[in-house]
Amino acid sequence: MNKVATTPQFPRPAFVLDAKVEFEALAAEHPDLAFVDAVVVDLCGALRGKRLPVGEARKIFESGIQLPHSIYLMDARGEMTNPFGCGFGDGDPDGTAWPVPGTARRVWDKNSNRAQIFLTLRDHAGDPDPAEPIAALERVLDRSRDLKLTPVCALELEFYLIDRARLTDGAPQPPIDPRSGMRERTASVYGIDDLDRFHNFLSALSEAAELEQVPVSASSKEYAPGQFEANLKHQSDARLAADHAVLLQQIVKAAARANGFDATFMAKPYADRAGSGLHIHLSLLDDKGRNIFDNGTAEGSERLRHGIGGLQAAMPESMALFAPNLNSYRRFQPDMFAPVNRRWGVNNRSAGVRVPAGPSEARRIEHRVAGADANPYLALAAVLAGVHHGLERRIDPGPPAVGNVSREPDLSLPLSIDDSLSRLEKAAILPDYFGDETLSLYRETKRIEAQRMRRIIAPVEYEWYL
């Protein structure tokens with residue numbers, strides 16, 4: 001049953017009118033649309049919501065749609081977690097969800113006649129749900145505006161194409177090369193021949209990106225069989241940059257299905273291969289449009305270093321956001337391009353915080369800590385919070401790393417889900433940006449998820465201990 005409200009629980013937010021105008025323009029451009037997916041993004045980064053006939057969907061611009069607040073509080077399987085009694089414990093109450101401007105788009109898929117629009121879930125007073133990732137990012141962005149700075153962001157995502165057939169224990173296996181019919185075996189990083197062999201997948205991805213307005217700027221072969229990376233163009237609207245990362249995951253999976261593969265953003269699907277990361281590129285513009293990180297040098301300005309110092313200070317309590325589950329921590333290994341410490345470097349990929357080479361006017365921070373399984377809104381919010389913290393306090397990050405520092409683990413950095421959640425509980429920096437309730441709900445949801453995972457006896461335990 002579709003619980004589309006007939007009367008709003010509170011006055012319609014003003015921004016909904018813009019969302020309505022955008023949707024009607026989309027519907028006029030695509031008169032074949034039959035359905036609309038009205039969705040939110042949960043704490044795991046998954047899209048959840050309802051599929052409505054176009055006629056019914058138009059009602060949500062007038063009266064909203066009723067969704068339970070627990071919709072954000074699912075584990076990675078989509079099971080309710082009931083943190084602090086939110087869900088089963090309180091009767092699973094609804095709030096009113098409203099369409100968000102700038103998010104209406106056609107959905108790419110084979111024979112698709114669907115559109116999609118993001119929602120924001122509000123309580124009876126009209127306030128965003130405390131567990132809503134988009135709202136958490138907006139709160140952090142408000143702090144950047146206090147300094148009259150505009151973040152310019154671009155996200156990169158690594159992922160694996162995998163065979164749709166799993167091994168007997170459920171493990172993934174690399175895809176079959178469409179040209180040779182043989183299973184992928186070599187890393188072949190940056191291989192152009194690899195891009196040629198998977199041309200049909202990449203063409204579908206490009207078509208999907210154009211239709212869904214996801215600005216993919218480049219694709220490359222990564223450091224393992226079947227592993228790729230897609231880069232997104234930088235945006236002066238940080239929320240939009242995070243939107244693009246969520247949509248990129250959606251279209252990568254759709255393009256993979258259309259070509260007989262599956263795609264995964266699991267942080268570490270293969271124990272002996274590189275993990276998949278979410279890399280966040282960030283610069284800051286002042287009120288005159290000048291990049292405050294640029295001083296004409298490769299290292300960047302003093303304010304860039306202060307931003308890095310804040311990222312270092314916030315990293316231990318941010319790890320649960322960058323690495324949200326048990327598998328995430330398998331990614332942090334020497335010589336696997338995933339950081340094991342808080343070092344920073346200039347043009348040095350072994351460091352977790354990198355200042356990339358390139359034109360000085362594009363000087364920026366590349367934050368390489370988050371896994372591809374992180375929620376893009378929350379990961380970006382944590383990065384922005386860390387940079388803001390460093391700018392306000394002028395934190396010195398120390399000298400840049402030289403050479404390979406991926407074999408120098410930082411014992412103060414929590415590298416397990418339990419330690420990370422414990423550090424988040426004691427956080428001194430993030431609560432001022434995210435709010436205590438948001439972090440508590442996230443922490444408890446992820447604690448319950450990890451607890452459920454531990455109840456499962458893995459086959460290897462029988463092999464070793466039976």
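In this predicted model, helix α8 (residues 302-322) and helix α9 (residues 376-393) have axes that come within 6 Å of each other and cross at roughly 140°. An angle counts as roughly antiparallel when it is over 145 degrees and as roughly perpendicular from 65 to 115, and α8 is therefore oblique to α9. As α8 passes α9, the crossing is right-handed. On the α8 side the contact is made by Arg303, His306, Gly307, Gly310, Leu311, Ala313, Ala314, Ser318, Leu321 and Phe322, and on the α9 side by Leu378, Ala379, Ala382, Val383, Gly386, Val387, His389, Gly390 and Leu391. Sorted by character, the residues of this contact are 11 nonpolar, 7 polar and 1 charged.

Helix α9 also takes part in a contact with helix α4 (residues 133-146), where the axes come within 9 Å and cross at roughly 20°. Angles under 35 degrees count as roughly parallel, which means that α4 is roughly parallel to α9. The crossing of α4 and α9 is left-handed. Here α4 contributes Pro133, Ile134, Ala136, Leu137, Val140, Leu141, Arg143 and Ser144, while α9 contributes Tyr377, Leu378, Leu380, Ala381, Leu384, Ala385, His388 and Glu392. The residues of the contact between α4 and α9 divide into 12 nonpolar, 2 polar and 2 charged.

A further packed pair is formed by helix α6 (residues 199-211) and helix α7 (residues 238-258), whose axes lie 9 Å apart at an angle of about 140°. These two helices are therefore oblique to each other, and their crossing is right-handed. In this contact Phe201, Ala204, Leu205, Ala208 and Ala209 of α6 meet Leu248, Ile251, Val252, Ala255 and Ala256 of α7. The residues of the contact of α6 with α7 comprise 10 nonpolar, no polar and no charged.

The three pairs can be set side by side.

| Helix pair | Distance between axes | Angle between axes |
|---|---|---|
| α8 and α9 | within 6 Å | roughly 140° |
| α4 and α9 | within 9 Å | roughly 20° |
| α6 and α7 | 9 Å | about 140° |

Turning from helices to rings, a search of the whole structure finds 11 aromatic pairs. One of them joins Phe159 and Phe265, whose ring centres are 5.6 Å apart and whose planes stand at 45°, so the pair is tilted. This pair links distant parts of the chain, since Phe159 belongs to strand β7 (residues 150-163) and Phe265 to the loop between β10 (261-264) and β11 (278-285), 106 residues apart.

How confident is the predictor across the chain? The mean pLDDT of the protein is 94, and 98% of its residues reach 70 or more. Over residues 1-8, however, pLDDT stays under 50, and for these residues the model has 21 contacts beyond four places in sequence.

Definitions and conventions. Residues are numbered from 1 along each chain as its sequence is written. This is a predicted model: local features need pLDDT of at least 70, side-chain atom pairs count only at pLDDT 80 or more; totals for chains, interfaces and linings use all residues. Side-chain values use heavy atoms; hydrogens and water are left out. pLDDT is the predictor's confidence in each residue, from 0 to 100. Contact means heavy atoms within 4.5 Å. Axes are lines fitted to C-alpha atoms, for helices over the stretch in contact, and angles run from 0 to 180 degrees between N-to-C directions. Helices (H or I, at least four residues) and strands (E, at least two) are DSSP runs, numbered from the N terminus. A crossing is left-handed if the near helix is turned anticlockwise from the far one by less than a right angle, and right-handed if clockwise. Ala, Val, Leu, Ile, Met, Phe, Trp, Tyr, Cys and Pro count as nonpolar, Asp, Glu, Lys and Arg as charged, and the others, Gly among them, as polar. Rings of Phe, Tyr and Trp (its six-membered ring) pair if their centres lie within 6.5 Å; planes under 30 degrees apart count as stacked, over 60 as edge-to-face and the rest as tilted.
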